[in-house]
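User: Could you take a close look at the ligand site in this model for me? I'd like a connected account of what surrounds the ligand.

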Amino acid sequence: MAVDVGYQDKTDEQKAITEMVRQFVDKEILPTAEEYDHEDKFPEPIVEQMKELGLFGVTIPEEHGGMGLDLTTYAMIVEELSRGWISISGVVNTHFIGSYLLMKFGTDEQKEKYLPKMATGEIRGAFSLSEPEVGSDVQGIKSTAKEVDGGWEINGQKMWVTNGLRSGLVFVLVKTDPKADPPYKGMTCFICEKEPGESEVPGLTIPPKIKKMGYKGVESTELVFDGFKVTDDHILGGRDGVGEGFRQMMDALELGRVNVAARGVGVAQRSLELALRYSQQRKTFGKPIAQHQAITFKLAEMGTRVEAARLLTMKAARMKDAGERSDIEAGMAKLFASEAAKENAEEALRIHGGYGYSKEYEIERIYRDAPLLLIGEGTSEIQKMVIGKKLLERHKI
Ligand SMILES: Cc1cc2nc3c(=O)[nH]c(=O)nc-3n(C[C@H](O)[C@H](O)[C@H](O)COP(=O)(O)OP(=O)(O)OC[C@H]3O[C@@H](n4cnc5c(N)ncnc54)[C@H](O)[C@@H]3O)c2cc1C
């Protein structure tokens, strides 16, 4: 039961592609997500089908083998995938950020080398900023790359790398000038190539995946760099990219915020669907619980949250596509949609009563998955800091 509000102005192409993804989600993802979640197993067959559907190349230009679609359409697709299971969108999302970094900042050689293989999903991308002691305060990272004979040597420990094991390319932010003041001027992004699935390569160890509360199936790992060798060709943007890494990553994260917002819309939407269905089936005191005003009000609030989250997300995506400045809008969309996802998941769980607490019901998984959205790509507190700061900048008296 899909409640498709806020999308009256989809183009024919957007209608066709989102309908295709929705059918894929209904047929392949929703019936199997619980099993993968309970076993914390990577959904290999689903990912293979996603490659065939071209979902790894949605935003990659046609000249490099992708579909060349815009962020707005991509956000619609992410919403549909997340409605099924956010771990599935997680396989695509870090890949999307990696391909964006290449499209926007890569040299022609880097684009030609990597984008065609990324478009087919033959190699998948991950990105790595966070470290054991640093998440929000990105300029505080400690990992380094030191120039050595013939290239660079990367050292340090990274944390929480989604798709850390199965990716073939990791976009890693490190310090190339640890003494730079301000620190962001001494940060560089390297494109680290590795064999997907190999946990030991020269100079890099990938420990077993981190055990998580939700967002299962897709792995989040540490990356332990110990003398990992790269050449100038692996600097994002080539030699000119030295010292540009922070700016590049922050640009990509702005896009990533729209991406997480779209995931929030999908989770909030699915929670609403489950609540609408269950509340009309379950009876107490002689009538369906949906007929008790306290529950009707919950449904009303949940539906309103979905609509508002979707509109904010679409606005931010469309502004970005139009080349307009959208830092505030992307932050607002991410903040609101991720909180909407968490609130709708909790309300749907409450509506399911005791059954919501049972692993037999989908909402139990969604309730564990949703909080991730409050954390990744900047926590809610960090979004508020960004939104507040930018509002003051735009409206300085
Ligand atoms: C499942 C999962 C997947 C992830 N995937 C990736 C990935 O692929 N790549 C990657 O690089 N990272 C990834 N991350 C890391 C994620 O981006 C960080 O966890 C996030 O940025 C928060 O950083 P932290 O965990 O270090 O929290 P901290 O920065 O230590 O923050 C802790 C708390 O303090 C608050 N806080 C911090 N600073 C302030 C402040 N100035 N004012 C007010 N409050 C503040 C935060 O909001 C939070 O509530 C992932 C995380 C998870 C859980």
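Analyst: Happy to; here is a walk from the ligand outward to the strands behind it. Please keep in mind that this is a predicted model.

Let's start with the site itself: the ligand takes up the space of the largest pocket. Three elements each give two or more residues to the shell around the ligand, namely strand 1 (125-128), strand 3 (151-162) and helix 11 (380-394). Of these, strand 3 gives the most, with three residues.

The shell is mixed in character, with nine nonpolar, seven polar and two charged residues. There are 18 residues around the ligand in total, and those that come nearest are Ser 130, Ser 136, Trp 160, Thr 379 and Glu 381.

Some of the contacts are polar. Ser 130 places a polar side-chain atom 2.7 Å from a nitrogen atom of the ligand, and Thr 162 does likewise at 2.8 Å from a ligand nitrogen. On Thr 379, a side-chain N or O atom is 2.6 Å from an oxygen atom of the ligand. As for cover, the ligand has 970 Å² of accessible area on its own, and the protein covers 65% of that.

Now step back to strand 3. This strand pairs with strand 8 (residues 220-230) in the antiparallel sense, over nine bridges. Within that pairing, Gln 157 stands opposite Val 224 of strand 8. Strand 8 also runs antiparallel to strand 7 (residues 204-205), joined to it by two bridges. There, Thr 205 has Val 224 as its bridge partner, so you can follow the strands from the ligand shell through strand 3 to strand 8 and on to strand 7.

Key. Residues are numbered from 1 along each chain as its sequence is written. This is a predicted model: local features need pLDDT of at least 70, side-chain atom pairs count only at pLDDT 80 or more; totals for chains, interfaces and linings use all residues. Side-chain values use heavy atoms; hydrogens and water are left out. A residue is near a molecule or strand if one of its heavy atoms lies within 4 Å of it. A polar contact is a pair of N or O atoms within 3.5 Å; within protein, one must be able to donate a hydrogen and the other to accept it, and residues adjacent in sequence count only if both atoms are side-chain atoms. Accessible areas come from the Shrake-Rupley method with a 1.4 Å probe; for residues, only the protein chains shown count as cover. On a 1 Å grid over the protein atoms alone, a cavity is a set of points where a 1.4 Å probe fits but cannot get out, and a pocket is an open set with protein on both sides within 12 Å along at least five of seven lines; lining residues have an atom within 4 Å of a point. A molecule sits in a cavity or pocket if more than half of its atoms lie within 2 Å of its grid points. Helices (H or I, at least four residues) and strands (E, at least two) are DSSP runs, numbered from the N terminus. Ala, Val, Leu, Ile, Met, Phe, Trp, Tyr, Cys and Pro count as nonpolar, Asp, Glu, Lys and Arg as charged, and the others, Gly among them, as polar. Two strands pair if DSSP finds at least two bridges between them.
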